[in-house]
Amino acid sequence: MVLYPSESWGAMKEKVVDTLLLVDDNPFNRDGISMYLRTKEFRILEAGDYTTAWQLAMQEQPDAAVIDIVIPLVAQGELSRDTSLGLQLARELKTHYPALGIVLLSAYEDRGREFFAMIEA
């Protein structure tokens, strides 16, 4: 919860601000999504890799997450199209925070099969 000045009262009032964890190793994608969500008054936690995302989630306990399916383990880490650490991150976050809303995204067309295999398991 964040306190904002009230225009009509001239005092502080409470306003719920949803915190979103945004995980994408591509800075261009991350910046674009982040800029848009900030215009909707979301508080954005940004990460470009699995390790940073996990640390932020444990510290900040976001309300929702937007996660790229293909992310590296660490910043500047080697990335392979076979690296679906975003799916693993989503699974682990749901285990820790069952009520967490998660949106998965990918620029790779074939990642849909992995997602459906994950939810059917």
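**View 1. Leu21 faces Leu45 across a strand pair.** In this close-up, Leu21 stands opposite Leu45, a residue of strand β4. Keep in mind that you're looking at a predicted model. The pair belongs to a longer zipper: strand β3, residues 19–23, and strand β4, residues 43–47, are joined by five bridges. The two strands run parallel.

**View 2. A helix links the two strands.** Pull back a bit and helix α1, residues 27–39, comes into the picture. Together with β3 and β4, helix α1 makes a β-α-β unit, and that unit is right-handed.

**View 3. Thr19 sits in strand β3.** Is Thr19 buried or exposed? Thr19 counts as buried, because its relative accessibility is 7% and the cut-off for buried is under 20%. So who does Thr19 touch, if we skip residues up to four places away in sequence? The list is Arg43, Leu45, Pro62, Asp63 and Ala64. Leu45 turns up here again, this time as a contact of Thr19; in View 1 Leu45 was the residue opposite Leu21.

**View 4. The whole chain, for orientation.** Here's where those close-ups fit: the protein chain has four helices and six strands, and along the sequence they follow the pattern β-β-β-α-β-α-β-α-β-α. Of the chain's 121 residues, 35% are buried. Looking at contacts with a separation of 6 or more, 54% come from residues 24 or more positions apart. As for the outside, the chain exposes about 7700 Å², with carbon and sulfur atoms supplying 55% of that area.

Terms used:
Residues numbered from 1 in each chain as written. Predicted model: local features only at pLDDT ≥ 70, side-chain atom pairs only at ≥ 80, totals over all residues. Heavy atoms only, no water. Pairing = 2+ DSSP bridges. Right-handed = clockwise from strand over helix to strand, strands pointing away. Buried < 20%, exposed > 50% of the residue type's maximum accessible area, 1.4 Å probe, protein only. Contact = heavy atoms within 4.5 Å. Areas by Shrake-Rupley, 256 points an atom, 1.4 Å probe, with all protein chains shown as cover.
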